[in-house]
Structures are given as structure tokens and as C-alpha cells.
There are 2 protein chains.
Amino acid sequence: MKTHIPHGSVGFVETKRFTFAEPPHEMPMDIGGKLGPITLAYETYGKLNREKSNAVLVQHAFSGSAHAAGFLPGQDPSKEKPGWWDFLIGPGRALDTEKYFVICSNVIGSCYGSTGPSSVDPKTGRPYGLSFPVVTVGDMVRAQAHLLDHLGIERLLTVIGGSMGGMQALQWAVDYPDRVASAIPIATTSRHSPQQIAFNHVGRAAILADPEFHEGDYYGWRTVPERGLSVARMVGFITYLSDRKMHEKFGRMKQFAAAKVSGRQGKWAEGTIGQHSAVEFSVEGYLKHQGEVFVFDRRFDANSYLSITKAIDIFDLSAPSGRLAKAFGNVKSKFLIISFDTDWLYPTYQSQEIRNAILQNGLAVACLELSTIHGHDAFLIENEKPPEGGKPGVKNKMIQVVRDFLGNVAARP
Amino acid sequence: MKTHIPHGSVGFVETKRFTFAEPPHEMPMDIGGKLGPITLAYETYGKLNREKSNAVLVQHAFSGSAHAAGFLPGQDPSKEKPGWWDFLIGPGRALDTEKYFVICSNVIGSCYGSTGPSSVDPKTGRPYGLSFPVVTVGDMVRAQAHLLDHLGIERLLTVIGGSMGGMQALQWAVDYPDRVASAIPIATTSRHSPQQIAFNHVGRAAILADPEFHEGDYYGWRTVPERGLSVARMVGFITYLSDRKMHEKFGRMKQFAAAKVSGRQGKWAEGTIGQHSAVEFSVEGYLKHQGEVFVFDRRFDANSYLSITKAIDIFDLSAPSGRLAKAFGNVKSKFLIISFDTDWLYPTYQSQEIRNAILQNGLAVACLELSTIHGHDAFLIENEKPPEGGKPGVKNKMIQVVRDFLGNVAARP
């Protein structure tokens, strides 16, 4: 039987692991404490050239993983989805693996192969849980720098990412001015507004409210705060979609609640059936489904949820001087900043603040607001409109913009 | 000792109760089933004139009560807050109790004296819980019509309310065209968008996820789904405040988590203390506090939360024809529609949709967007800016606009 690999795909890939900071050489953390050993799960696509000048670092968002492109062993390409940024990465694609060596690593604090709260603390032989040190975006980036050292990469052609990935791209440019030729922060901010913190707080509160959380030690209780984590995910999902997209996708369509509840883990899904669900809207079923996928299919770790959302909230490029422009004082990168007009989670004004701060330092920066229906999620979606009646959708403009920018940077290093 | 009543206050008031729909004359409900007996808690301020032409019906929002103005017996006016719309109601105030007879009743489904899910079902001798019938805004309004009959009021000079109160004002004008001279819907919509439904859904999901919910029968278990209810309230509060207000009120100020957690019900507040709370922002403390106030001070009932938010989601003036203009086909009222420029929960475009539908029927309508920092909450706040350094704040423009409109309606009945 021949496996059909879609055109432009990197094909089958492997998630590798790199471990460093073995005690007593633990990595000091920004807020306090040390962490070690640290493992980073990462993937690479394409080949590093002899000059080591074609490396592109891809940064994932809050709930992402190192698996950015292609298919993992055991996956069926005809049925299963490739990595989360597959439409951007591959031979001939915007991050062209015929030209570039693309790296993506799972951040520390996460639960997809890199060291995080669900990892075993070698000191105790048990998962860290709440004793995992507070992580910052700076810590994530510093850990990645160790990975690049390991891979023998001194300088990145570009560092690119959306949402929290964009924060990492900015942090790279600020913390390692000599190692970053260009940065592409997408749908992001230089620091969270109180409203953005508030949304994250509610997600955390929902997890902490779940009695199955057991002060973060649910591993020991062989349980998972499923309900709290699911509610947290729902809050997030509302902020990822635009009002317009929701109108188009759901409107005020209703559904029969009983028919829509999936079979899995029925014990708490059933709790939602009752008098008050006699009228249930499609958008409600969708949110429930997203909560379930996060908990049961993606098995996201609740402590990682706390850890990474807190890192995002703490992120503040303007600290400690209070002036964002000052953060870019030593930076040497070129920038392409992309925002989306319907992204109300990271509105364009926050991208413009970054642009202005960069401009004040006389650096090259392009700042584009792209038009889309998808809201914050736009950076993860290939087609502007899903195909209807066989008509292919308009491609996300981000693809061409990234391709052109990167081509220019590569041509004039 | 003399009690000091503030100038313009209605003073001490009494919450009365009116019971109707005694079996076998239960009230049929829109979605199905019957309810009876039904008790409405209500308050009145001012005096009904001989012509019975000066009645003003005030409608409360989602979590409100009949106590709109003045002080309840036992309250200390020098220390405690008056009713929720006190700044609008009283002798000389916009809803001038020297001129108008003001009525406010707690909606059915609520938990502040009117029949709701926490009321005892006479058939079982136990609280309704989830067996309480699904309530609609139409049901709420129909119950109020019984109260007006009881009070001998055939026709309202105006019906006024914000948020869900605005929905009731619209429903009154549509369902009782001969009984409503004018309506003032504020910061509201003719129907919830999927995004608005989604926010309500997350609140409901947080309550349903709490094991203390016990399928709605927590009364029997002598417990309350405190945590879920608290998380639900936090979600709500984010949507009530504008991004700008949050910036001004909290910015990115941090606090020491341990110091801020109040003593009450420490058992679950303590759950929020941990590694990840080493850095906590002021806005997080504020949300926690609002969750606690809702649960422990205001003792809002979790089943009422489910019931009323569902009524709000179901509300759709354009159903069943799909054309909003058609809903106003028989309406005879004049309208004043008010929205607030920073209200992102009920954006101005939703008020304009109502205005357009009314205009298509040749009715008189004024539609104003007022400028404010307060977001959705603006209709509940007297001063545009809290007094700083003794300087009094600018008064909410809504006050004058309502006063003038009502004066005109009263002059030309």
C-alpha cells in the first residue's frame, strides 16, 4: 500500500528531543529558581546550508507543539491532519524547505515533550505540579537558544510566530540582537492589557475551581481537572473567533442538546442535559466540543495551562523602564508585523505600538493589517473562506507576505 | 439618633409581594409547561395619580432585583448603598417621584423574592431546581402585566431598563402595544449574537462543571456550587467593563496574592495560592472579589443564573418571521434607544438595528450613542469619572436624556 503524501508537504517527520541544563548546571529562571535538566521537543524541516545562514525558527502559540508541519509516524496523511502550520512550511511553500532550515520547538512549561509541570522532578521522582518554577517568555527563548547552540546555529534568518509565538519572536530580537536577522511577530502584543489578563485569569480560575485539581497534584490522584480545563478552553475559544465568523458559522441555529453530546466521558457531559438545555444553540455545542477535544484528544495539561497563560500575562517588553521603545535599543533585526482586522483579542493598535517603538530606533519595520473573517485564529487558517460548492477559498494573504519578506531578507543578509 | 437620608432619595422603602396564577390557573410559559402560583417581589416609589397616567416601569438587568431605589429597613443610609438605580429615581431626579409612580419588579426566574428555581414547588414541597420551566423575556413581561393589573395600571407612561432590562422594555412595547406610551431600551439588543450566547454558555458551563451543583439539587445537599458560580460571574464582569476602563482602573499593577485573599470561605480561595500566583495582577484580585461578592454577599442562586442567562439567549424579537421590522408592526410606543460607545458586549450596531426596524414602521424613535469610559456598565453608573481630589465627576448623560424624553412624553400623552 502506497501512502499518499500531499503535494508541498514535508512528508513524514520525527519529533526529536534535546536535553541540557543537567544539574548542577540548571538554567536560572527569570522570576526565580532554577530548572534542570531541561528537555526540549523539537522538529526540523529542510536542511541547514553550509554557511548555516538559512535557519528559520518557528514559534508556536499557547497550546501548540513542536509538530508544525508534515505527518508523524503512524499518521494517515489521507485522513489525519498535518502539523499546525503545515500550509506555511514545505517544499515551495512560504517557509520553503528547499531553501530554509525550519526549526520548531515546544516551549518549556508545555506538555508536548518539553519539560513542564507534568514532567518528573528528578529531585522528588514525582511530577513538578505547582512546584514548577514560574516561566516567562524570556525563559522559553533562553531555552531555545541552548537548542540552537546544540544545532550549531549562530544566527537566525528569521524568527516567526503568532500570538504567544509572536511574543517569543519579539523576545528573541530583543534578547539576542546578534542572532536574529529578522522577526515576524503576528497577531500579538508587547504586553497584555488588563482585559487580556482577565480572560486568562478566568481560565485559570476555572481550573483551580475544579476539585480534581488537587492543588496541582492531580497526577498523584490519577485524575485530571477535566471540567475546569474544558471551561478554560471555552473562554479561550470565544476570544479566538471574530464576532463576524461566529455569525457566519453559527448564527442563532439551535440543536437538540441530547443528540449532540458525544459519548466520551459521558459522566460530566450528561450534567449539561436538563431543563435549561431544552433550547441549545449550535455555538454551545461547538464550545463543548472544543473543550472536549482539548481535554480528551489533545490531553493538554492543566498545570501547563496555568504556567503558560501566566507567562503570557507576565510578558512585558516595556518593563522595567516603562518605555517600549527602549526595549528595542540594541536590536538589529528587520521586522514584519502582521495583525488581523477582526482580531479583537490582539487588536491592531497593539501591533502599531510595537511598530512605533521599533521606528523610534530607526529600524526597518513593515506593519500590515490584513483583512479576514477569522479573528485571532487567522494566522492558523490557510483559506480565507472555506471552500463552498467546490470553489477554492482565497488564500490567507499572510502566506504571500511572509514569503516575500523572507525572500528579501535572504537576498540581503 | 436621627437617620440622615441623602437629598433626592426616596428614603426608606419596602419590598412588597404579589402572588397570582394560583393552581389551577397557572400561567402558561412560552417554551412549554405552566407555572403557578407565581410571586413577584416589587417596589414602588412616588404616587399613582388619579388618572393613573404617570406609571413608569423600571426593568432590572440579569442579576438585579426589585430594589431599584432608596434604602431597605435596617439599612444605614450613611454607610450602605441604596437601590441599584437610585441616582435615577427620587424626588427631583430623572424618574421624578414627585411626578411619576415608579414600579420595579424582580423577574420570574430570579432569586430575589420572585418565583424562581430556588422557590419551593408546591407539588413536591422542594425547590424546583432544574425542573423549573424554561423562562423567556416574554414570560417575565407577561408576569409583570399581571402585577400592573393588580395595581390598577392600564397604561405605562414609559418602560425603561438596561441590558436585559432593555429587552423587557422592547418586549413590553411589542406584546402590549396599547399599554405602553413609550419605551427606553438602554445598552441592549433585539437578540443575542452567537458571541454573546457563547459568553453566557461559558458561565453556565462553569456552574454545571461544579460537582456541588448536584444536577441543580444543591439545595437538598445543603451546599452551593460556589466555585462555578464565581467563575461564571468573572466571565460576566469582563464583558461589562471596557478595555479603556480596565486600563485606567488596573493597568498592569501587581499585588501580593496572599495578602489580598479575603478570609471568607477560605477553603477554596486558598486553592488559588500557589507557585503560579507569585505574580498576580490587580485585575485578577478584582475579578476574584467580584466572584466572591456575587456568591457570598449577594447570594445569587446558581439555577437562576442558568435560567435567566438562557432567557436572554433565547430572546429574539425577529423570530419567528426573521424580520425585526415585522415585530414592531403593531407597536404604538415612542422610543428612546441609548447605547454606549465603549460597550463591546452590546455594541451600538445592535441598537441601530432596533432603531432601523422601528423607523420602517413609521414610529418615533431617538437613538443616541453616549460617550463613556464605563463600557456596558455605564447605565448603572452615575458619574462619568469617579471624583478625584474632591472634583465632582461629570454626570452620566443618560440621566438628562431620560429626563427630557420622559418630560416630553408626559406633556404629550
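**Exercise 1. Describe how strand β5 and strand β8 of chain A pair, and place them in their sheet.**

Solution. Strand β5 (residues 55–59) and strand β8 (residues 101–105) of chain A pair in the parallel sense, over four bridges. Strands here are DSSP runs of E with at least two residues, helices are runs of H or I with at least four, and both are numbered from the N terminus. Two strands pair if DSSP finds at least two bridges between them. The model is predicted: local features need pLDDT of at least 70 and side-chain atom pairs count only at pLDDT 80 or more, while totals for chains, interfaces and linings use all residues. Residues are numbered from 1 along each chain as its sequence is written, and chains are lettered from A and ligands numbered from 1 in the order in which they are written.

Step 1. A:Val58 has A:Cys104 of β8(A) as its bridge partner.

Step 2. The open sheet of chain A has eight strands in the order β1-β4-β8-β5-β11-β12-β15-β16, and its pairing is mixed. At its edges are β1 (16–20) and β16 (365–370) of chain A, each of which pairs on one side only. From one strand to the next, the twist averages 20°.

Step 3. Helix α1 (residues 137–151) of chain A packs on this sheet, where it touches β1, β4 (38–45), β5 and β8 of chain A. The direction of α1 makes about 60° with that of β4(A); angles run from 0 to 180 degrees between N-to-C directions, and axes are lines fitted to C-alpha atoms, for helices over the stretch in contact.

**Exercise 2. Characterise the two domains of chain A and the contact between them.**

Solution. Step 1. Domain 1 comprises 16–197 + 305–411 and domain 2 comprises 198–304, with bounds from an automatic or database domain assignment. Their centres, taken over C-alpha atoms, are separated by 26 Å.

Step 2. In chain A, 31 residues of domain 1 are in contact with 26 residues of domain 2; contact requires C-beta atoms, placed from the backbone, to lie within 7 Å.

Step 3. On the domain 1 side, β10 (126–127), α3 and α9 (302–314) of chain A each supply at least two residues. The largest share, seven residues, comes from α9(A).

**Exercise 3. Determine how chain A and chain B are related and how they meet.**

Solution. Step 1. A turn of 180° with a shift of 0.0 Å along the axis lays chain B on chain A with an RMSD of 0.0 Å. That is the relation of a two-fold axis. The superposition is by least squares on the C-alpha atoms of residues with pLDDT of at least 70 in both copies.

Step 2. Each side is counted: 51 residues come from chain B and 51 residues from chain A. On the chain B side, α3(B) gives the largest share, eleven residues. Since 100% of the interface residues of chain B are also interface residues in chain A, the copies meet through the same surface.

Step 3. One helix pair is α3 (residues 194–209) of chain A with α4 (residues 226–240) of chain B, packed at an angle of about 170° with axes 10 Å apart. The two are therefore roughly antiparallel, a term for angles over 145 degrees. Among the contact residues are A:Phe199 and A:Val202 of α3(A), and B:Val231 and B:Met234 of α4(B). By class, this contact has ten nonpolar residues, two polar and one charged; Ala, Val, Leu, Ile, Met, Phe, Trp, Tyr, Cys and Pro count as nonpolar, Asp, Glu, Lys and Arg as charged, and the others, Gly among them, as polar.

Note on methods:
Parallel < 35°, antiparallel > 145°, perpendicular 65-115°, else oblique.
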